[in-house]
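Here are my notes for someone opening this one up for the first time. Have a look around, then read the points below.

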Amino acid sequence: MPASGSGLLAGRVPRRAVVDLGSAPGGATGARFVATADQTEFIVKSPSASARAGPFVAPNELIGVQLAAMLEIPVLPWEFILLPGGELGFGSLRLDSADFAPMSDSIAAQLTNSTEFCAVAVLDLWICNRDRHGGNLLARRNRHNQGGGYSMLANDHSHALLHGVADPAQLAATYATVPPAQFFRCSQLLGGVVPCSRLGDTLDLVESLPRETVEGVVAGVPDAWMKQSAREHVARFLTDRARNIRVLMQGCVPLFPSLNGITL
């Protein structure tokens, strides 16, 4: 990538961070707050800062948000961020703390898009996300909605796919041994997955996504973040898992109280 940040990556021009605002509290990925020239603030994860959590945090984030967008799941706006030291990071828009809350029973009861629980469950099963706790299902206040309430946002996919130091060539073998319950750690999500058109439509969409579309998402991961051989393994894993998503979800039905043993 050009040092100026003028080259396109996955169709986007990286934005340059001009101010480092310090470490983000909590988490294991070494995220930092930065501001760009227009004073927009982002929380950024980069390969060097996230090294303790493994080498694939940034690509996991990129692939996760792009696949979520294909399923029309709301996520935080994001950008490629060129950090002051020249490293490329994945940046999610930093929200004002007054505008959002982590998921809880009281927040879940105020959601205006509660059927998104169904879509998020399918996404997390597809990408093998083992970190969807309540803090990674954000609820954003509906400030412009006269009815009030909150809208759900799926946030943080750093622990999906190539978690830790996983071998890209062994993705299928690795996740064949992971209990499905590990992909659904949020109690509100477990209770919020119900028989509805959003559930069926999301399963249909994942199953029908062209292989080339999924491969294109993975191919958009910058070379600095993931080698070509690893991208090929990830793309193959995702496309194979997509074709089997309904069977995989059917096996998880007992985890969701409202599904009551239905056939998907």
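**Notes on the model**

1. Salt bridges come to 13 in total, counting a side-chain nitrogen of Lys or Arg within 4 Å of a carboxyl oxygen of Asp or Glu. Keep in mind that this is a predicted model, where local features need pLDDT of at least 70, side-chain atom pairs count only at pLDDT 80 or more, and totals for chains, interfaces and linings use all residues. Residues are numbered from 1 along each chain as its sequence is written, and side-chain values use heavy atoms, leaving out hydrogens and water.

2. Start with Arg32 and Asp20, whose closest N and O atoms are 2.9 Å apart. This salt bridge ties strand β2 (Arg32) to strand β1 (Asp20), 12 residues apart; strands here are DSSP E runs of at least two residues, helices are H or I runs of at least four, and both are numbered from the N terminus. Arg32 is partly exposed at 30% relative accessible area, since buried means under 20%, exposed over 50%, and partly exposed in between (1.4 Å probe, protein chains only).

3. Next, Arg185 and Asp131 form a salt bridge at 3.1 Å between the closest N and O atoms. Arg185 sits in the loop between α4 (171-175) and α5 (187-192), and Asp131 in the loop between α3 and β7, 54 residues apart. Arg185 is partly exposed at 47%, whereas Asp131 is buried at 13%.

4. Which partner is buried and which exposed in the pair Arg231 and Asp223? Arg231 is buried, at 7% relative accessible area, while Asp223 is exposed, at 63%. Their side chains meet in a salt bridge of 2.9 Å, N to O.

5. Back at β1 (residues 15-23), two bridges join this strand to β4 (residues 78-82), running parallel; strands pair if DSSP finds at least two bridges between them. In that pairing, Arg16 stands opposite Leu82. With β2 (residues 32-36), β1 pairs in the antiparallel sense over five bridges, and Gly22 faces Phe33 there.

6. Now the open sheet: its three strands run in the order β6-β7-β8, with antiparallel pairing. Its edge strands are β6 (100-102) and β8 (150-154), each pairing on one side only. β7 (residues 137-141) and β8 share five bridges, with Leu137 partnered by Ala154 in β8. Helix α3 (residues 116-127) packs on the sheet and touches β7 and β8, contact being heavy atoms within 4.5 Å.

How values were computed. Axes are lines fitted to C-alpha atoms, for helices over the stretch in contact, and angles run from 0 to 180 degrees between N-to-C directions.
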